[in-house]
Amino acid sequence: MIEADLSAFYAPDEFAAACTRKRAATADVPFVGIWSHADEDALDGRAISGVHRLHYATSAVELVQGDVVASDGVDYEVMRADRINDGRETLAELREVGP
């Protein structure tokens, strides 16, 4: 049952992508997560902004605001990370950072 074991949901050969958390003065932490990218209204509907979200098992890694997540050669800065689904999963909002 998926509630008992999230590893099936976050299997890297299925939906999940390989990611690495980068934080100053600590070792990089590899983990897997499921990305979603969407456009959302910004500036009271006067602009569109790209939004990047990452779902991952909470036990896999701790992400906090300011951390950097690397995936497929792109770096993203964590804007916020909130636990969901009884705290077993986390949903992080990120923004792409330049080279």
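How many aromatic pairs does a search of the whole structure find?

## Aromatic pairs

The model here is a predicted one, and the search turns up 2 aromatic pairs. In one of them, the ring centres of F31 and Y56 are 5.6 Å apart with their planes at 65°, so this pair is edge-to-face. F31 belongs to strand β2 (residues 29-42) while Y56 belongs to strand β3 (residues 47-57), so the pair ties together parts that are 25 residues apart in sequence. Both partners are worth a look for their surroundings: F31 is buried at a relative accessible area of 6%, and Y56 is buried at 1%.

W35 and Y76 also form an aromatic pair, this one tilted, with 4.5 Å from centre to centre and 40° between the planes. Here W35 sits in strand β2 and Y76 in strand β5, so the parts tied together are 41 residues apart in sequence. W35 has a relative accessible area of 18%, and because buried means under 20%, W35 counts as buried. Y76 is buried too, with 8% relative accessibility.

## Around E77

Let us now turn to E77, which is placed in strand β5 (residues 74-84). What does the side chain of E77 make with the side chain of R95? The two side chains make a polar contact, at 2.7 Å.

R95 is one of several contact partners of E77. With neighbours within four places in sequence left aside, E77 is in contact with G66, D67, E93, L94, R95 and V97. For V97, the C-alpha to C-alpha distance from E77 is 6.4 Å in space, with their positions 20 residues apart in sequence.

## The chain as a whole

Stepping back, how many helices and strands does the chain have? The secondary structure comes to 0 helices and 6 strands, and reading from the N terminus the order is β-β-β-β-β-β. Strands β2, with F31, and β3, with Y56, are among them, as is β5, which holds E77.

Contacts and surface can be put in numbers as well. Of the contacts in the chain with a separation of 6 or more, 43% are between residues 24 or more positions apart. Buried residues make up 29% of the 99 residues, F31 being one of the buried residues. The chain exposes about 6400 Å², and 51% of that area is supplied by carbon and sulfur atoms.

Notes
Residues numbered from 1 in each chain as written. Predicted model: local features only at pLDDT ≥ 70, side-chain atom pairs only at ≥ 80, totals over all residues. Heavy atoms only, no water. Helix = DSSP H or I, 4+ residues; strand = E, 2+ residues; numbered from the N terminus. Contact = heavy atoms within 4.5 Å. Polar contact = N/O pair within 3.5 Å; in protein donor to acceptor, adjacent residues only side chain to side chain. Buried < 20%, exposed > 50% of the residue type's maximum accessible area, 1.4 Å probe, protein only. Areas by Shrake-Rupley, 256 points an atom, 1.4 Å probe, with all protein chains shown as cover. Phe/Tyr/Trp six-rings, centres within 6.5 Å; stacked < 30°, edge-to-face > 60°.
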